[in-house]
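Here is a short briefing on one protein structure. Look at the sequence and the model, then read the points below.

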Amino acid sequence: MAKKVIIGSADRPRLVVSRSLNNVYAQIIDDTNGTTLVGMSSLALKKGRGNVKLAEVLGSAVAELAIKKGIKKVVFDRGEHVYHGRIKAVAEGARNKGLEF
């Protein structure tokens, strides 16, 4: 099965969500300039391990930082991960704070 290539632009940067066994990571990347605009992980929140509730808080925090920088629309990139559990919680947390996918 081939992987879809998702590319973010200056108008709609890419929200990349990845996870490890213990933590969740989220970055907003502008692929045309090759820069990371916003980045955060569950390690930075220091509220425990990377469970679903913490992933939703992470999504909200990333969305708040993005909106402060003037980013309102993004393209969601979940990579190889299934849209379920912590990945879905990050997306829902970001949507609840006003980020549009």
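**What covers helix H2**

The buried residues of H2 are covered by elements that include S1, S2, S3, helix H1 (42-45) and H3. The model is predicted. The points below take up the helices, the sheet and one residue of strand S1.

**Helix H2**

- The buried residues in question are Leu 54, Ala 55, Leu 58, Gly 59, Ser 60, Ala 61, Val 62, Ala 63 and Ala 66.
- In an α-helix there are 3.6 residues to a turn, so residues three or four places apart point the same way.
- H2 is made up of 17 residues, and the distance from its first C-alpha to its last is 25 Å, close to the 24 Å expected at 1.5 Å a residue.
- Helix H2 (residues 52-68) lies across S1, S2 and S3, and its direction is at about 145° to S3.
- Gly 70, just after H2, has a positive phi of about 90°.

**The sheet**

- Four strands make an open sheet in the order S3-S2-S1-S4, and the pairing is mixed.
- S3 and strand S4 (75-77) are at the edges with a single partner strand each, so one side of each has no neighbour in the sheet.
- On average, neighbouring strands of this sheet are turned by 20° against each other, direction ignored.

**Pairing of S2 and S3**

- Strand S2 (residues 24-30) pairs with strand S3 (residues 35-41) in the antiparallel sense, over six bridges.
- One of the bridge pairs joins Asp 30 to Thr 35 in S3.
- The two strands S2 and S3 form a hairpin with four residues between them, and Gly 34 in the turn has a positive phi of about 70°.

**Pairing of S1 with S2 and S4**

- Strand S1 (residues 14-19) and S2 are paired in the antiparallel sense, over six bridges.
- Ser 18 has Tyr 25 in S2 as its bridge partner.
- S1 and S2 also form a hairpin, with four residues between them.
- With S4, strand S1 pairs in the parallel sense, over three bridges.
- Across this pairing, Leu 15 stands opposite Phe 76 in S4.

**Arg 14 in strand S1**

- Is Arg 14 buried or exposed? Arg 14 has a relative accessibility of 15%, and residues under 20% count as buried, so Arg 14 is buried.
- Arg 14 is found in strand S1 and stands opposite Ile 29 in S2.
- A polar contact of 2.9 Å links the side chain of Arg 14 to the side chain of Asp 31.
- Leaving out residues up to four places away in sequence, Arg 14 touches Ile 6, Gly 8, Gln 27, Ile 28, Ile 29, Asp 31, Val 75 and Asp 77.

**Helix H3**

- Which residues of H3 are buried? They are Arg 86, Ile 87, Ala 89, Val 90, Ala 91, Gly 93 and Ala 94.
- S1, S2, H2 and S4 are among the elements that cover the buried residues of H3.
- Gly 98, just after H3, takes a positive phi of about 110°.

How values were computed
Residues are numbered from 1 along each chain as its sequence is written. This is a predicted model: local features need pLDDT of at least 70, side-chain atom pairs count only at pLDDT 80 or more; totals for chains, interfaces and linings use all residues. Side-chain values use heavy atoms; hydrogens and water are left out. Two strands pair if DSSP finds at least two bridges between them. Axes are lines fitted to C-alpha atoms, for helices over the stretch in contact, and angles run from 0 to 180 degrees between N-to-C directions. Contact means heavy atoms within 4.5 Å. Buried means under 20% relative accessible area, exposed over 50%, partly exposed in between (1.4 Å probe, protein chains only). A polar contact is a pair of N or O atoms within 3.5 Å; within protein, one must be able to donate a hydrogen and the other to accept it, and residues adjacent in sequence count only if both atoms are side-chain atoms. The expected span of a helix is 1.5 Å times one less than its number of residues.
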